[in-house]
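Please open the structure in the viewer and keep the selection panel at hand. The tour below proceeds from one selection to the next.

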Amino acid sequence: MSTGPISTETIAIAVDQDVVRVRQAMRKLAVEAELSLVDQTKVVTAASELARNTLIYGGGGRALLEVVTRRGGRGVRVTFSDEGPGIADIDLALTDGFTTGNGFGLGLSGTRRLVDEFDLDSAPGKGTSVTITKWGR
Amino acid sequence: MDRVPILRLGRILLVSIQVDLQDQTALALQEDLSERIVDTGAVGVLIDISGVEIVDSFIGRMLSTIASISRVLDAETVVVGMRPAVAITLVELGLSLGGVRTALDVEKGMRLLSADEPDEVEVSRSAATVVSE
């Protein structure tokens with residue numbers, strides 16, 4: 001079976017403007033994966049939330065974006081990783097309304113609702129890695 | 001950094017967001033708008049987001065904050081032109097834009113703001129009287 005080249009893109013997240021770059025790259029790949037307009041909007045919004053977390057809580061990091069395929073269709077996946085302080089209590093961090101104090105409490109729980117797959121890997125002192133996937137329908 | 005232009009239409013300030021807002025630009029807009037409200041004595045602020053492709057928690061919070069600040073400064077804010085996909089995403093994300101008035105388009109938003117203002121109502125009443133005479 002031959003498949004066309006699958007797009008991937010890596011974006012460093014170090015400043016404010018990089019959050020916008022992640023949104024724009026995510027939109028491009030979501031269009032390429034032929035997601036519906038609502039699903040494009042959801043996954044771009046989710047990516048925007050996570051990119052900002054990487055910048056603010058992780059002290060910067062990177063995003064790896066890719067178009068992924070499975071039987072029955074395509075989707076987009078993005079992994080955010082940083083070498084920041086990590087998350088001590090992951091269950092608590094995923095609770096609706098949880099915040100560490102500066103008003104970004106909606107991030108993780110709300111973001112999880114916008115995507116089909118959500119994997120969070122983090123430990124204190126070990127950094128954080130979050131992967132989200134949105135499949136076309 | 002881009003700055004979002006603020007237009008003045010009588011006693012209403014019109015902000016049309018046409019760029020992919022970076023966080024610093026959003027914060028600058030809050031400050032610029034607050035100053036313009038006081039400088040112009042505006043009674044209403046109309047924020048057109050029909051050109052905005054996504055509203056995440058930061059931008060959503062900016063809209064709520066602008067509404068609160070302008071209320072304290074005696075001006076009412078109406079957010080207009082939200083795309084359907086943006087509305088669906090916002091609600092699913094868990095943001096309800098509490099305290100922010102919305103209208104479907106600029107025209108309906110304008111009507112909402114002028115209905116708030118006694119002076120404007122007086123003017124249109126007398127205009128109507130003239131026509132009927």
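Begin by selecting strand β2 of chain A, residues 61-70, in this predicted model. Ten bridges join β2(A) to β3(A), and the two strands run antiparallel. For one of these pairings, display G61(A) together with its bridge partner in β3(A), D82(A).

Next, extend the selection to the whole sheet. Five strands of chain A make up an open sheet, arranged in the order β1-β2-β3-β5-β4 with antiparallel pairing. At its edges stand β1 (8-13) and β4 (117-122) of chain A; each has a single partner strand, so one side of each is left without a neighbour in the sheet. Disregarding direction, neighbouring strands are turned against each other by 15° on average.

Now add helix α1 of chain A, residues 16-32, which packs on this sheet. The helix touches β1, β2 and β3 of chain A, and its direction makes about 165° with that of β1(A).

Select α2(A) as well. The axes of α1(A) and α2(A) lie 9 Å apart, and the helices pack at an angle of about 150°. Angles over 145 degrees count as roughly antiparallel, and α1(A) and α2(A) are therefore placed in that class. The crossing of α1(A) past α2(A) is right-handed. To view the contact, show side chains on both helices: α1(A) contributes residues including V19(A), V22(A), R23(A) and M26(A), while among those from α2(A) are V43(A), A47(A), A51(A) and L55(A).

Centre the view on A47(A). Which residues does A47(A) contact, leaving aside neighbours within four places in sequence? They are V22(A), R23(A), M26(A) and V78(A).

From here, colour the largest nonpolar core, which has 58 residues. Those with the most contacts inside this core are M26(A), V43(A), A47(A), A51(A) and V76(A), together with V45(B) and I47(B) of chain B. Helix α2 of chain A, residues 37-56, supplies the largest share of the core, seven residues. In soluble globular proteins, nonpolar side chains tend to be buried together.

Finally, move to E83(A), in the loop between β3 (73-82) and α3 (90-93) of chain A. Why does E83(A) count as partly exposed? The reason is that E83(A) has 13 C-beta neighbours inside 10 Å, whereas a residue is exposed at 12 or fewer and buried at 20 or more. Not counting residues up to four places away in sequence, E83(A) touches G61(A) and G127(A). As a last step, select K134(A): this residue and E83(A) are 51 residues apart in sequence and 25 Å apart in space, C-alpha to C-alpha.

Definitions and conventions: Residues numbered from 1 in each chain as written. Chains lettered and ligands numbered in written order. Predicted model: local features only at pLDDT ≥ 70, side-chain atom pairs only at ≥ 80, totals over all residues. Core = buried A, V, L, I, M, F, W, Y, C linked by C-beta atoms within 7 Å. Helix = DSSP H or I, 4+ residues; strand = E, 2+ residues; numbered from the N terminus. Contact = placed C-beta atoms within 7 Å. Pairing = 2+ DSSP bridges. Axes fitted to C-alpha atoms, helices over the stretch in contact; angles between N-to-C directions. Parallel < 35°, antiparallel > 145°, perpendicular 65-115°, else oblique. Left-handed = near helix turned anticlockwise from the far one by under 90°.
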